[in-house]
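Reader: I would like to learn how to read the inside of a protein. Could we go through one example together, slowly?

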Amino acid sequence: MLVLVAPGQGAQTPGFLTPWLELPGVADRLREWSAAIDLDLVHYGTEADAERIRDTAVAQPLLVAAGLVSAQALLEGVPLDSLGAVAGHSVGELTAAAIGEVLTPEAVMALVRTRGRAMAEAAAVTPTGMAAVIGGDPETVTAHLERLGLTAANVNGAGQIVAAGTAEQLAALAEEKPEGARMVKALSVAGAFHTHHMAPAVDALAEAVEGVSPKDPRVPYVSNRDGRAVADGDEIVRRLVRQVAGPVRWDLCMETFREMGVTALIEVCPGGTLTGLAKRALPGVKTLALKAPEHLDAARELIAEHASPTAQQPDSSR
């Protein structure tokens, strides 16, 4: 069984879309999406520097567009039900919703444009950010964050919890690491995402989804909210809205992958972050980060080896 996953904000790097433009039709598709959302995805994905693509309003549409073009290239001629499940981390959940055919790529690009803008506006109210805490007992780390007024916004598993809060709170964390933690690393994001600071963005996204018509996913869709596989399209959209201000439980997503019997995991462009977590948390599961078109053949071979025409459902009692 193979799961296809999509990364979240912070995975972007300057020029990461450049090699994908060599594939037939990709440049045209990106230009169509760019015109529809009034954002030059080709420019930002090939020419803009790290600071420009750190902007939440730019980074989120860029990441989803990259995930979609790489997934479309990968799955060309490959039955969708070869996948055992799809999932995404944070904004990557929108990518996964399009891959699983819950929403069309066009609808997802419109929603991610609204999401990125609304989260950028919410982040501008107070200087906030995020930092990864590496190592330490999860309960001890979480309690330490709470004492500093921070939120465990991403519980990623594999010994990683991402703290989110104000600049002052993050500075205090850098000075006073949790007991047992090896490192505190600031992330390249411009806000305290998945916390109460994002409440205004929830309202904006709720309004934006009123016009969408979701379908039930073609393959199991594993949700960041609680790691459960959700089979109802309307519920997936409701979760996508609420998740903007709620913690990402990627640790529970990986638990579900294990329960499903996942044997391989492919991370769409710009891959690397989620495969790294899987290598530590899911020993024995083969992983592949789809960073560039040169990795497509190996990814297709992995799909052929681990194809799952009938996806297994996780234990619903957890």
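Reader: How many cavities of 30 Å³ or more does a search of the whole structure find?

Author: A cavity is a set of points on a 1 Å grid over the protein atoms alone where a 1.4 Å probe fits but cannot get out. In this predicted model, where local features need pLDDT of at least 70, side-chain atom pairs count only at pLDDT 80 or more, and totals for chains, interfaces and linings use all residues, the search finds one cavity of 30 Å³ or more. Residues are numbered from 1 along each chain as its sequence is written, and side-chain values use heavy atoms, with hydrogens and water left out. About 40 Å³ of space lies in the largest cavity, a volume being the space filled by probe spheres set on the grid points.

Reader: Which residues line the largest cavity?

Author: Lining residues have an atom within 4 Å of a point, and here they are S90, E93, L94, R115, H194, L205, L240 and Q243.

Reader: Which residues of helix α8 are buried?

Author: An α-helix has 3.6 residues a turn, so residues three or four places apart point the same way. In α8, a DSSP run of H or I with at least four residues, A201, V202 and L205 are buried (under 20% relative accessible area with a 1.4 Å probe, protein chains only). Seen down the axis, the buried residues of α8 fall within an arc of 105°, taken from the directions from the helix axis to the C-beta atoms, so they line one face of the helix. On the other side of α8, D203 and E207 are exposed (over 50%).

Technical notes
Helix = DSSP H or I, 4+ residues; strand = E, 2+ residues; numbered from the N terminus. 1 Å grid on protein atoms, 1.4 Å probe; cavity = no way out; pocket = protein on both sides within 12 Å on 5 of 7 lines; lining within 4 Å.
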